[in-house]
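Open the structure in your viewer and set it to a cartoon display. Keep the selection tool at hand, since each stop below begins with something to select.

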Amino acid sequence: MQEAQRQQALLRALRRGSSVAALTRLVRSDPAVPRGLQVYRANAAALAHKALAAAYPVLQQLLGPDSFGLCARALWHAHAPRLGDIAQWGAELSTWVASQSDLAAEPYLSDVARLEWAVHQARSAADSDDAPADLNALARGTPTRLWLRLRPGTACVVSRHPIVSIWRAHQASDAEEADRFAPVRAAFSSASSETALVWRQGWKVRVAALATPEAAFTLALLQGRTLGVALSRAGPGFAFEPWLLRALPLGWIDGVENSRPPR
């Protein structure tokens with residue numbers, strides 16, 4: 001029982017920032033606890049920084065390593081990991097960034113974080129059959145009774161900011177492109193908004209910018225709507241055939257369901 005209490009106290013201290021003195025009073029039988037707690041806290045901060053840096057490399061570049069480390073530490077205390085896999089921790093970072101008044105001058109940061117989390121999740125998405133999707137159902141069925149199933153890990157991130165341009169600029173090194181941030185400056189200058197499509201093609205995660213009709217269509221599919229509803233939401237500016245010809249070689253479609261919702 002005493003050991004269980006000691007472990008619970010350590011967890012509370014790590015998550016809530018309890019004082020060493022308070023912990024010491026609770027576990028007086030173990031004088032090494034204060035020193036051990038400080039080691040745990042230091043390790044937790046390092047682990048938080050490493051885990052978030054793996055999921056949010058662009059955000060770390062935008063904020064700088066020191067500021068990003070402070071964010072990681074604060075997020076650890078605000079939203080402690082609840083799963084054994086630390087790689088799955090950090091989904092709340094975009095919301096946390098959006099709530100910080102000192103980052104309000106750069107509102108695009110939280111949307112970049114949303115895009116990066118979608119990319120991070122796509123990397124660990126379930127494998128899908130690489131065989132081309134069977135499209136015979138499209139010829140046999142009607143749009144109101146058909147569902148297009150997109151590949152596992154596919155996500156659509158809507159933003160008022162040029163998040164795809166920002167993300168792409170940070171994928172190349174200075175040696176690979178003389179002025180890789182020129183598209184970002186142009187996008188900000190024209191107040192461009194971008195919606196990102198994230199999907200996995202084989203082992204590689206891809207990111208593409210979608211036009212407004214394409215974004216509305218894709219979001220409807222991801223919400224489990226029928227092809228008919230998705231076409232309606234896309235509006236008259238959307239043409240299904242060009243979208244399909246683009247989607248097939250890029251591997252967006254996982255299958256077509258006829259007369260039943262997707263699994």
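The tour below goes from the whole chain to one helix and its neighbours, and then to some single residues.

**Before selecting**

This is a predicted model, in which local features need pLDDT of at least 70 and side-chain atom pairs count only at pLDDT 80 or more, while totals for chains, interfaces and linings use all residues. Residues are numbered from 1 along each chain as its sequence is written, and side-chain values use heavy atoms, with hydrogens and water left out.

**Stop 1: the whole chain**

Select everything. The protein chain has 13 helices and five strands. Helices (H or I, at least four residues) and strands (E, at least two) are DSSP runs, numbered from the N terminus. Of the 263 residues, 41% count as buried. Buried means under 20% relative accessible area, exposed means over 50%, and partly exposed lies in between (1.4 Å probe, protein chains only). Among the contacts in the chain with a separation of 6 or more, 67% are between residues 24 or more positions apart. Contact here means heavy atoms within 4.5 Å.

**Stop 2: helix H11**

Select residues 212-222, which form helix H11. Which residues of H11 are buried? They are Glu-214, Ala-215, Phe-217, Thr-218, Ala-220 and Leu-221. The buried residues of H11 pack against strands E1 (146-150), E2 (155-158), E3 (195-201) and E4 (204-210), and also against H12 and H13. Now select Gly-224, which follows H11 and has a positive phi near 85 degrees.

**Stop 3: H11 with H12**

Add residues 227-234, helix H12. The axes of H11 and H12 come within 8 Å and cross at roughly 155 degrees. Axes are lines fitted to C-alpha atoms, for helices over the stretch in contact, and angles run from 0 to 180 degrees between N-to-C directions. H11 and H12 are therefore roughly antiparallel to each other. Angles under 35 degrees count as roughly parallel, over 145 as roughly antiparallel, 65 to 115 as roughly perpendicular and the rest as oblique. The crossing of H11 and H12 is right-handed. A crossing is left-handed if the near helix is turned anticlockwise from the far one by less than a right angle, and right-handed if clockwise.

Show the side chains at this contact. From H11 come Pro-213, Ala-216, Phe-217, Ala-220 and Leu-221, and from H12 come Leu-227, Ala-230, Leu-231, Arg-233 and Ala-234. The residues of this contact of H11 with H12 divide into nine nonpolar, no polar and one charged. Ala, Val, Leu, Ile, Met, Phe, Trp, Tyr, Cys and Pro count as nonpolar, Asp, Glu, Lys and Arg as charged, and the others, Gly among them, as polar.

**Stop 4: H11 with H13**

Hide H12 and select residues 240-250, helix H13. The axes of H11 and H13 come within 12 Å and cross at roughly 70 degrees. H11 and H13 are therefore roughly perpendicular to each other, and their crossing is right-handed. Glu-214, Phe-217, Thr-218 and Leu-221 in H11 meet Phe-240, Trp-243 and Arg-246 in H13. The residues of the contact of H11 with H13 divide into four nonpolar, one polar and two charged.

Stay on Glu-214. At 15% relative accessibility, Glu-214 counts as buried. Leaving out residues up to four places away in sequence, Glu-214 touches Phe-238, Trp-243 and Arg-246.

**Stop 5: Glu-257**

Select Glu-257 in strand E5 (residues 253-258). Is Glu-257 buried or exposed? Glu-257 is buried, with a relative accessible area of 5%. A polar contact of 2.3 Å joins the side chains of Glu-257 and Arg-149. A polar contact is a pair of N or O atoms within 3.5 Å; within protein, one must be able to donate a hydrogen and the other to accept it, and residues adjacent in sequence count only if both atoms are side-chain atoms. Now add Leu-148: Glu-257 and Leu-148 are 109 residues apart in sequence, and their C-alpha atoms are 6.4 Å apart in space.

**Stop 6: Leu-115**

Select Leu-115 in helix H7 (residues 108-123). Leu-115 is buried, with a relative accessible area of 0%. Beyond its neighbours within four places in sequence, Leu-115 is in contact with Val-157, Ile-163, Val-164, Trp-167, Ala-196, Val-198 and Val-207.

**Stop 7: Ala-191**

Finish at Ala-191, in the loop between helix H10 (182-189) and E3. At 64% relative accessibility, Ala-191 counts as exposed. Its phi is near 55 degrees, a positive value in a residue other than glycine.
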